[in-house]
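Biologist: I've got a model open and would like to talk it through with you. Can we take it piece by piece?

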Amino acid sequence: MFENLSTSLQKTFKNLRGYGKLSEKNVKDSMREVRLALLEADVNFKVARDFVKRVQESCMGEEVLGSVTPGQQVVKHVNDELVELFGGAHKEFDLTGNPASVMMMGLHGSGKTTTSGKLALRWKKSGRRVLLVACDIRRPAAVEQLTILAGQVGCDIVKPEPGETVPQLGARASTFAKDEKFDVVIYDTGGRFQVDDELVQELKEFSAETEPGNTVLVLDAAIGQESVNVAEAFRDAVGLTGLILTKLDGDARGGAALSVHAVTGCPVLMTGSGEKMEDLEPFYPDRMASRILGMGDVVSFVEKAHELVDQDEAMKMQEKLANNQLDLEDFLKQIQQMKKLGSMSSLFDMMPGDALKMDAKKKEAIANASDQEMKKFESIIQSMTLWERQHPKEIDRSRRLRIAEGCGRKLADVNQLLKRFGEMGKMSKQFKKMGKRLRHLKKFTTK
Ligand SMILES: Nc1nc2c(ncn2[C@@H]2O[C@H](COP(=O)(O)OP(=O)(O)O)[C@@H](O)[C@H]2O)c(=O)[nH]1
Ligand SMILES: [Mg+2]
């Protein structure tokens, strides 16, 4: 998502950077392009108009015209205004209270149940006891879905009892959570295909019973301009403390989701970027802005890596890599850690375009190829004995044939893996260079 917006904004700024000095006309022309780029990305038209007006004013006010690097200054103003557009400072859930409570709301299919599971996992990881409550009593499959997620995540769940109304269920779960001293309760409420009176009434009664500290709307970023209307309807009917945007991994233009804070005044707390329980990220307006402007979300990338990768293990690996002592057992571990970080394309998405020096299409092609290659390599290594993994140079042809057969691959694939592994020594130098580069970029993006 946001690739097209990102590409067209970067093109505009590239042109702008070419000028030694900027005339008023240069600024106006580029602002017209910015406005078009925003509209094309499905940003609400009023939001786009006001945005461009504000950038233009701040550019003029600061006498950017005589400055040394006028183009960059314009980029900075656009960046600052984007940060404001997305809500300014990062906002968190209110997790105070005994227990803290979160009421999840939204239309059918927006991702309430999935996101409830994701939040439970996140808070469980931070050492909290989390209780999930399945409040979508009209769809038995929904209760089943949350039960499965609770099992996956490893937290408790309260399910509806026969004949119980939704507010009654809420009251019972709330008392249970207090008595059992849970830290957080997440109420996964039922949705509708549209906001109607019955839904609003039910949510109001529910909220009166449970008095949730957080009332959160889950919005599918792919529904376009409609998301703004949905958010306004929920805000006016039940009140919202925050928004969660889901399905940012889709290929929709996404601009509507970016306007939703500006239109409703509700902060975006988190974003969902996949179906897996790990695919939930806190929303940082400044990082989103720099990602769209092509500076890449290096900070998020580094954080994510820290969260998922075992640091001691990583240090050991680095040492081995530097001394060229890696064996295939280590290689397998590396592949599995990479997989924890997400798919290659989601990693590439967080990297600055300039650093990779390639366009979106090429990035995607390489990412897909790498993901497939990783899977292939993993299956091949898994079909080796431990001795073979530790002595890759001694794997002869008959062993190669047996390995290939064991994992249902071709001999050529096994050869390719061993050749690739042989090249790792050369790669270790490149990794060192890349590490330096990332550190440099991190300095640059954390002001
Ligand atoms: N690609 C993607 N799919 C998602 C995301 N969040 C939810 N989904 C999927 O969207 C569908 C509907 O989600 P669900 O949680 O059941 O929605 P609910 O009706 O609001 O509870 C499911 O297939 C989810 O796997 C996301 O961030 N990315
Ligand atoms: Mg659901």
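Biologist: Where is D136 found?

Modeller: Bear in mind that this is a predicted model. Two elements frame the spot, strand 2 and helix 6. D136 is found in the loop between strand 2 and helix 6.

Biologist: Is D136 buried or exposed?

Modeller: The cut-off for buried is under 20% relative accessible area. D136 comes out at 6%, so D136 counts as buried.

Biologist: Which side chain is joined to that of D136 by a polar contact of 3.3 Å?

Modeller: R139 lies in the loop between strand 2 and helix 6, and D136 is found in that loop too. The 3.3 Å polar contact runs from the side chain of D136 to the side chain of R139.

Biologist: And what is the relative accessible area of R139?

Modeller: Buried needs under 20% and exposed needs over 50%, with partly exposed in between. R139 falls in that middle class, partly exposed, because its relative accessible area is 37%.

Biologist: What separation do the C-alpha atoms of R139 and G190 have?

Modeller: Along the chain, R139 and G190 are 51 residues apart. In space, their C-alpha atoms are separated by 8.2 Å.

Biologist: Let's move to the strands. How many residues of strand 4 are buried?

Modeller: Strand 4 covers residues 184-189 and is mostly covered. V184, I186 and D188 point one way, V185, Y187 and T189 point the other way, and all are buried. That fits a general pattern, because side chains in a regular strand alternate between the two faces of the sheet. For strand 4, the count of buried residues is six of six.

Biologist: How many bridges join strand 2 to strand 4?

Modeller: Strand 4 has parallel pairings with strand 1 (residues 100-105), through five bridges, and with strand 2 (residues 130-135). In the strand 1 pairing, S101 stands opposite V185; in the strand 2 pairing, L132 stands opposite I186. The number of bridges from strand 2 to strand 4 is six.

Biologist: Now the ligand. Which residues come nearest to ligand 1?

Modeller: There are 18 residues around ligand 1. By class, that shell has one nonpolar, 11 polar and six charged residues. The ones that come nearest are G109, K112, T114, D249 and E275.

Biologist: How far does a backbone N or O atom of G109 lie from an oxygen atom of ligand 1?

Modeller: Several backbone atoms sit by ligand oxygens here. For S110 the distance from a backbone N or O atom to a ligand 1 oxygen is 3.2 Å, and for a polar backbone atom of G111 it is 2.9 Å. For G109 the value is 2.8 Å.

Biologist: What share of the area that ligand 1 exposes does the protein bury?

Modeller: Taken alone, ligand 1 exposes 580 Å². The share of that area buried by the protein is 80%.

Biologist: Which helix gives the most to the shell around ligand 1?

Modeller: The winning contribution is four residues. They come from residues 112-125, which is helix 5.

Biologist: On to the rings. How many aromatic pairs does the structure hold, and what is the angle between the planes of F86 and F283?

Modeller: The structure holds four aromatic pairs. F86 and F283 form one that is edge-to-face, with a centre-to-centre distance of 6.2 Å. The pair links distant parts of the chain, 197 residues apart. The angle between the planes is 65°.

Biologist: What kind of pair do F176 and F182 form?

Modeller: Their ring centres are 6.0 Å apart. F176 is partly exposed at 35% relative accessibility, while F182 is buried at 5%. The planes stand at 40°, so the pair is tilted.

Biologist: Last one, on the backbone. Which residue has phi near 40°, and is that residue buried or exposed?

Modeller: The phi value is positive in a residue other than glycine. The residue sits in the loop between helix 8 and strand 5, and its relative accessible area is 64%, so it is exposed. The residue with phi near 40° is E211.

Note on methods
Residues numbered from 1 in each chain as written. Chains lettered and ligands numbered in written order. Predicted model: local features only at pLDDT ≥ 70, side-chain atom pairs only at ≥ 80, totals over all residues. Heavy atoms only, no water. Buried < 20%, exposed > 50% of the residue type's maximum accessible area, 1.4 Å probe, protein only. Pairing = 2+ DSSP bridges. Near = heavy atom within 4 Å. Polar contact = N/O pair within 3.5 Å; in protein donor to acceptor, adjacent residues only side chain to side chain. Areas by Shrake-Rupley, 256 points an atom, 1.4 Å probe, with all protein chains shown as cover. Nonpolar A, V, L, I, M, F, W, Y, C, P; charged D, E, K, R; others polar. Phe/Tyr/Trp six-rings, centres within 6.5 Å; stacked < 30°, edge-to-face > 60°.
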